[in-house]
Amino acid sequence: MNLDEVIKNTIIQNQAPIGFDEFMQLALYYPKLGYYRSGAEKFGQRGDFVTAPETSDLFGFCLARQCAQVLKKTDDLLEFGAGSGVLAAQILFELGRLDCLPRHYYILELSAELRHRQQQTIAKALPELLPRVVWLDQLPQAFNGVVIANEVLDAMPAKRIIQQDNAFYELGGGMRQASFDWQVKEVLNQQTTPNCPPLMGEGYTTELNPQAMAWVNSLYGALDSALVLLIDYGMQRSEYFHPQRVEGTLRCYYQHQASDNPFVNIGKQDITTSVNFSDIADQATDSGFKIAGYATQALFLIALGIDEYLLDEVDADKRISLAQQIKQLVLPSAMGESFKVLALSKKTEVKLIGFKEQELSYKL
Ligand SMILES: C[S@@+](CC[C@H](N)C(=O)[O-])C[C@H]1O[C@@H](n2cnc3c(N)ncnc32)[C@H](O)[C@@H]1O
């Protein structure tokens with residue numbers, strides 16, 4: 001059976017459209033066939049999109065500097081959704097240079113295929129550090145250290161909602177003449193869905209991500225003391241539910257082409273929604289976290305001295321290449337402002353150097 005048939009059968013068995021979150025779960029994570037579970041190349045020029053660690057080693061080096069500020073000798077690092085493994089290799093390399101290696105570098109990865117890729121990447125780049133890297137199948141217990149999730153929240157299945165007749169309704173994936181199509185499911189109850197936006201106008205469409213919020217809550221329970229760094233494209237609530245953002249934030253990526261149609265190339269294209277950082281921060285504080293910082297990726301990397309790597313480079317050609325990479329990471333027209341860093345802490349009170357240039361948590 002192919003993935004289209006799996007989803008069609010699920011809709012038929014349900015005798016009604018399935019929620020978009022369920023559709024996204026199947027399209028991205030169905031065993032062996034879902035986008036993140038299949039063997040196809042996803043990251044980099046030969047894949048569908050390029051993430052910050054795929055753009056430049058300097059991204060991971062700067063994150064390592066932030067980790068080093070809080071890591072103690074007995075601490076561990078935990079990365080969620082580690083992609084090709086390149087970020088883990090960058091962070092471990094730089095932490096080694098800073099003489100601040102964690103006891104273990106845990107990776108929690110849903111995809112067996114990506115796990116294998118990560119093992120290969122780290123074995124090639126840092127064979128001597130491979131024994132410190134441990135792959136987990138579930139959240140650890142009483143974790144101490146630093147948690148990193150780069151572009152993970154945006155890959156969590158989201159609900160899509162639409163305003164009709166002065167109420168918000170959940171949108172689902174249904175069938176129309178053997179093709180997938182958007183269909184309206186049930187009306188949303190403001191009491192059971194308190195993070196719904198206010199009424200914005202007929203047809204206004206947007207997303208909610210209760211799964212991401214539930215993940216933050218369970219993460220809190222898995223930690224003893226930790227700093228959590230969540231890096232992703234997204235914005236605070238006032239921008240997320242902006243009156244002019246009438247089509248929401250859903251995007252699909254196939255061979256570097258963006259579209260808003262999740263019903264084509266199923267299992268071959270990435271499906272994402274931007275992160276509503278206010279919802280994540282509210283859930284985090286409700287769970288017990290403290291907000292330790294919120295900034296654009298640009299100002300976070302600048303605070304961590306990304307330009308120093310450029311100044312230290314003696315080779316002129318390499319300096320040109322590094323300058324181009326830095327532009328991609330920090331320019332507002334590239335990743336600099338659309339990506340944000342949200343830091344959460346549990347029993348860790350440190351003034352983080354990554355937020356010394358900018359601290360925007362008052363906007364959340
Ligand atoms: C866009 S990729 C980002 C990969 C990598 N972090 C990078 O920056 O290159 C999203 C990743 O998040 C992972 N993911 C999504 N939900 C997850 C969860 N609940 N736990 C762990 N990983 C998750 C996916 O499997 C996928 O590997």
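Here are a few friendly notes to help you find your way around this predicted model.

1. **Overall build.** Start with the whole chain: the protein contains 12 helices and 16 strands. Its radius of gyration is 21 Å, close to the 21 Å that the globule rule gives for 364 residues, so the protein is as compact as a globular protein of that length. The C-alpha trace spans about 60 × 45 × 45 Å along its principal axes, and 45% of the 364 residues count as buried.

2. **The helix H1.** Look next at residues 3–14, which make up helix H1. With 12 residues at 1.5 Å a residue, H1 should span 16 Å, and this agrees with its end C-alpha atoms, which are 16 Å apart. After H1 comes Gln-15, which has a positive phi, near 55°.

3. **A three-stranded sheet.** Further along, three strands form an open sheet, in the order S12-S11-S13, with antiparallel pairing. Strand S12 (257–259) and strand S13 (270–272) are the edge strands, each pairing on one side only. From one strand to the next, the twist averages 25°.

4. **Inside that sheet.** Strand S11 (residues 251–254) runs antiparallel to S13, and three bridges join the two. If you would like a pair to locate, try Tyr-253, whose bridge partner in S13 is Asp-270.

5. **Around the ligand.** Which residues come nearest to the ligand? Of the 20 residues around it, they are Thr-51, Gly-81, Gly-83, Asn-150 and Ala-155. Sorted by class, the shell around the ligand holds 13 nonpolar, five polar and two charged residues.

Notes:
Residues are numbered from 1 along each chain as its sequence is written. This is a predicted model: local features need pLDDT of at least 70, side-chain atom pairs count only at pLDDT 80 or more; totals for chains, interfaces and linings use all residues. Helices (H or I, at least four residues) and strands (E, at least two) are DSSP runs, numbered from the N terminus. The expected span of a helix is 1.5 Å times one less than its number of residues. A residue is near a molecule or strand if its C-beta atom, placed from the backbone, lies within 6 Å of it. Ala, Val, Leu, Ile, Met, Phe, Trp, Tyr, Cys and Pro count as nonpolar, Asp, Glu, Lys and Arg as charged, and the others, Gly among them, as polar. Two strands pair if DSSP finds at least two bridges between them. Axes are lines fitted to C-alpha atoms, for helices over the stretch in contact, and angles run from 0 to 180 degrees between N-to-C directions. The radius of gyration is taken over C-alpha atoms; the globule rule is 2.2 Å times the number of residues to the power 0.38. A residue is buried if 20 or more other C-beta atoms lie within 10 Å of its own, exposed if 12 or fewer, and partly exposed in between; C-beta atoms are placed from the backbone.
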